[in-house]
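Colleague: I'm new to reading models like this one. Could you pick a single part, look at it closely and talk me through it slowly?

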Amino acid sequence: MLSYNFKYELKQLLRARWIQLLSVVLLVLFGFSAFNGIQKVEKRKLDIAAAQEEVKENDAMMLKLLDSVERGLEVSVPRWTIPSSPMAVGNYHPRVAAMEPQPMAFIATGQADLFTHYVKPTVYGDDFSLNFTEMTSPVQLLFGSFDLAFVVVFLLPLLIIAFSYNVLSSEKESGSLRLLAAQPIGIQNWVLQKLGLRFFWLAVLVIIALTLVFLVLGINPFTQARVYFGLLGLVLTYMLFWFALAFLVNLWVGSSAKNAVALLGLWVVFVLLVPSVLNQFGNTLYPMPSRTLMINEMRSLKAEVTERQDEILDNYLRDHPEFALNDTTQQRGFWHRYMASQKLIKEELSPVVNGYEEQLQRQQDWIGRFKWISPAIIAQESLNQIAGTATKDYEGFRKQVVNFSGTWREHFMPFLYNNQDFSQADYDALPRFTYQKETALQFGGLGILLVVSLVLFATGIFGYKKLSGAGILDQA
Amino acid sequence: MIITDNLTKKYGEHTALDHLNLNVNAGEIYCLLGANGAGKTTTINLLLGFIEPTSGSAFINQLNVKDDAKATKRFLAYIPENLMLYPGLTAVENLDYFSGIAGKKFGNNQLKTFLEEAGLQADAFGNRISTFSKGMRQKVGIAIALAKEAKVLLLDEPTSGLDPKASNEFGLLLQQLRSKGVATLMATHDLFRAKEVGSHIGIMKDGQLKQQFVAEDISLSELEQAYLNTMDYKELAS
């Protein structure tokens, strides 16, 4: 039966205009969304490149100024910006801490439209650590980005529904089911095979579309085999889940109209409702601490610390005898006090900042615990992970930047407390930031989807007769 | 070949079929006559396993339909009133598909031979079913029966809506199948066709088999009288 079903279902599909149209729509959607994703990645790369170019120009200017200063020439810039002062370098010549897009970033915008991709930590102020978000259009946030992930997670199920909602009901409605049911075949197997062919057809289209996207982008699927096959596996497994649902609906629901409504209802539940309910519950159970309160707390702490700067500096120097002054002609100024107080501020603020991070982690754990309820969450998370735009990636970037800012600050401490000038010779030793992607590709979500899909298929195959309890016309 | 033993189907309080006992042997054509709702189609649906009996049993080729529904379908062919084939496929493709899923594999020439035997014009073999008349579709149905080498043929008002020529051709095809030893059960309203092709005739009313005849033993007018009397159409009976 299998070979005949495949042969003639394929013939009918190829002869049906609406299938041809749906196939073209699918290819166009993949192409357009990939193009859209690439545009975003390109913009991100250009932004980072522009920031780095600015730093390069700034550095050239700094080296010229240093050269003039070292040769004893007078320079026409404000005194506090002369780069022989280490704090001027730390403040006015920061490095770019950029999160370069991953090779697959075009697949999913993920958190990319919410977070900034580069910052310039300075020795003064720490607002950058709180200011990782970008201004984004609320309309865009509402509808999301039209990227490959959007096509896969939101639109592909709709195409699958259009492909599969009436496999059995159309036979009932046209009258051909009676002739089919008079053949020595199991109707559930017959439906399964028909859906199998439609899955096969869509899978071929998806594989062609994704491979074309890779080739057009100059990515060799075989050098990126893990990502390429992982992505294909994920998309095909997600499709399999929707076909499994269509299988059950075809068996148990009645007319084509009812099937369509049932499947669209399931789409709303799994793609829209469950993710938003889980998110809502996460926010209610683990509310994020107020950002305003955190900033207020930070400011009042800074004000308090400012009043005690002399005492703090004394304590700091007690802990760092290597910075003790033997030269009585020199004295401690603003920067000495400020930098000494930073360590204290960091320590005092850590419970507030940690509380914020811990609560965010709890929210993510909560969603992680229940994400299997919605295949859309699993698919979206996995695609974000492949693209390197998942929440964890941005959290990793933020932590790396905070660490780098510490390194940047620490680099200038010996200069500052030893009252040593910054020179051209010190330029090459300036710390540089390189983003390291910390999250490894994991395809655990794919396994969950596969198991859920197989359970649904098994329910249809073994439960159909048991649950329907009678012949095909009794339950029709 | 076809046996029903006190076959009964109830829908709630309504009895659609009431203790039907029937026996159709190889090479016999049993015509079930009756008004709408008499239980003819219910009988065929039960023999096909489309619905489950409330009590009693049905047997095809000595296999219980309820226990071996799939196996019984290897031996039978079914032609409903409106035989709906796949409109996007040709006659040859439809025949290949339906015989194929029934486990019979044939080459293109063999398939065409079956269609020829069923009386379909050769120039229609490669045409899509969407262009076929009802009579032509019924011929493809007969070709499916031939290809399946069916021992039992179940027909549910197959000549309804056919023009006299097509109806006559269909009758001749049934006679051919009869000569090959096929047991046929045909539900019909058509007394004339029943008398012409049937070897046995039964009249049903309210789910019960009221009368049975050997077709040779009864004239068409006697059959008509018996039918009208059974149906309580007193004013029409002479």
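Modeller: Sure, with a little background first: chain A has 16 helices and two strands, where helices (H or I, at least four residues) and strands (E, at least two) are DSSP runs numbered from the N terminus. This is a predicted model, where local features need pLDDT of at least 70, side-chain atom pairs count only at pLDDT 80 or more, and totals for chains, interfaces and linings use all residues. Residues are numbered from 1 along each chain as its sequence is written, while chains are lettered from A and ligands numbered from 1 in the order in which they are written.

The C-alpha trace of chain A spans about 105 × 45 × 35 Å along its principal axes. Chain B touches chain A through 27 of its residues, which meet 24 residues of chain A; a contact means that the C-beta atoms, placed from the backbone, lie within 7 Å. On chain B's side, α1 (40-48), α2 (69-72), β6 (76-79) and α3 (91-101) each give two or more residues. The most come from α3(B), with five.

So let's zoom in on helix packing in chain B. Two packed helices are described by the angle between their axes and the distance between the axes. The axes of α3(B) and α5(B) come within 9 Å and cross at roughly 40°; axes here are lines fitted to C-alpha atoms, for helices over the stretch in contact, and angles run from 0 to 180 degrees between N-to-C directions. That makes α3(B) oblique to α5(B), since angles under 35 degrees count as roughly parallel, over 145 as roughly antiparallel, 65 to 115 as roughly perpendicular and the rest as oblique. Their crossing is right-handed: the near helix is turned clockwise from the far one by less than a right angle, whereas anticlockwise would be left-handed.

Who meets whom? From α3(B) come A91(B), N94(B), L95(B), F98(B) and S99(B), and they meet V140(B), A143(B), I144(B), A147(B) and K148(B) of α5(B). This contact has seven nonpolar, two polar and one charged residues; Ala, Val, Leu, Ile, Met, Phe, Trp, Tyr, Cys and Pro count as nonpolar, Asp, Glu, Lys and Arg as charged, and the others, Gly among them, as polar.

Helix α5(B) (residues 134-148) also pairs with α4(B) (residues 108-117), their axes coming within 8 Å and crossing at roughly 125°. That makes α4(B) oblique to α5(B). This crossing is right-handed, and F114(B), L115(B) and E117(B) of α4(B) make the contact with A143(B), L146(B) and A147(B) of α5(B).

Notes. Two residues are in contact if their C-beta atoms, placed from the backbone, lie within 7 Å.
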